[in-house]
Amino acid sequence: MRKGLVPLSAGGTIPLRDFLEQPQGRVDMPVFLLTNDDGYFSEGIRSLREELKSLGRVITIAPDRNLSGVGHSLTFNMPLRIRRVDEDFWTVIGGTPADCVHLGYYVLLDGKKPDMVCSGINEGPNLGEDITYSGTVSG
């Protein structure tokens, strides 16, 4: 890479001078895909969403209800519906945390890879064997 250029996660570069003139030194804010297994209404996902928004764009998609313990389950036997809760905030009616990540990636992000996938903050512990069936871990 040439000296004085800053790489962008979406590809390409920008001159360092232009990069530094942007708010908070950012041109290409990272994109986070956020989910959980406690439901879109949980305090944990709302708190994490607010913190992540200071770092970049946060696409949030979570189940419409608490699905702790569903592991990596995907829904194959019925259609799933997505309902908008707020700007960049969605819930999946009848979907699992893994369904949420799939729909977030393929539908909301149109197959564009986010910079990071986050899950939580969990309302309960994920200790020892819990992680083998945790919806938070699978999300």
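**View 1. Asp-64 and its salt bridge with Arg-65.** Asp-64 is partly exposed, with a relative accessible area of 24%; the label covers whatever lies between buried (under 20% relative accessible area) and exposed (over 50%), using a 1.4 Å probe and protein chains only. Its side chain meets that of Arg-65 in a salt bridge, 2.7 Å from N to O. Salt bridge here means a side-chain nitrogen of Lys or Arg within 4 Å of a carboxyl oxygen of Asp or Glu. Arg-65 comes in at 35% relative accessibility, so this residue counts as partly exposed too. The structure holds three salt bridges, and the next two views show the others. A word on the model: it is predicted, so local features need pLDDT of at least 70 and side-chain atom pairs count only at pLDDT 80 or more, while totals for chains, interfaces and linings use all residues. Residues are numbered from 1 along each chain as its sequence is written, and side-chain values use heavy atoms, with hydrogens and water left out.

**View 2. Asp-88 reaches Arg-57.** These two side chains form a salt bridge at 2.9 Å, N to O. The pair ties together distant parts of the chain, 31 residues apart: Asp-88 sits in the loop between S5 and S6, and Arg-57 in strand S4 (residues 57-63). Helices (H or I, at least four residues) and strands (E, at least two) are DSSP runs, numbered from the N terminus. Buried or exposed, what is Asp-88? Asp-88 is buried, at 18% relative accessible area, whereas Arg-57 is partly exposed at 41%.

**View 3. Lys-53 and Glu-50 on helix H2.** Here the salt bridge spans 3.5 Å, N to O. Why are the two about one helical turn apart? Because they are three residues apart in helix H2 (residues 43-53). Both ends count as partly exposed: Lys-53 at 40% relative accessibility and Glu-50 at 47%.

**View 4. Phe-89 and its surroundings.** Phe-89 belongs to strand S6 (residues 89-93) and is buried, with just 2% relative accessible area. Which residues does Phe-89 touch, leaving aside neighbours within four places in sequence? Its contacts (heavy atoms within 4.5 Å) are Tyr-40, Arg-46, Arg-49, Thr-60, Arg-83 and Arg-84. Ala-62 is 27 residues away from Phe-89 along the chain, yet their C-alpha atoms are separated by 8.5 Å.

**View 5. Helix H3 and the cysteines.** Helix H3 runs over residues 97-108, and its buried residues are Pro-97, Ala-98, Asp-99, Cys-100, Val-101, Leu-103 and Gly-104. Cys-100 has 0% relative accessibility; Cys-118 is buried as well, at 11%. How many disulfides does the structure hold? Zero, with a disulfide taken as a pair of cysteine sulfur atoms within 2.5 Å. Just after H3, Asp-110 takes a positive phi of about 55 degrees.

**View 6. A nonpolar surface patch.** Ile-82, Tyr-106 and Val-107 make a nonpolar patch of about 280 Å². Patches are built from residues with over 30% relative accessible area and no salt bridge, joining like charges within 9 Å and nonpolar side chains (Val, Leu, Ile, Met, Phe, Trp, Tyr) within 5 Å. The areas come from the Shrake-Rupley method with a 1.4 Å probe, and for residues only the protein chains shown count as cover. Ile-82 lies in strand S5 (residues 81-86) and counts as partly exposed at 30% relative accessibility.
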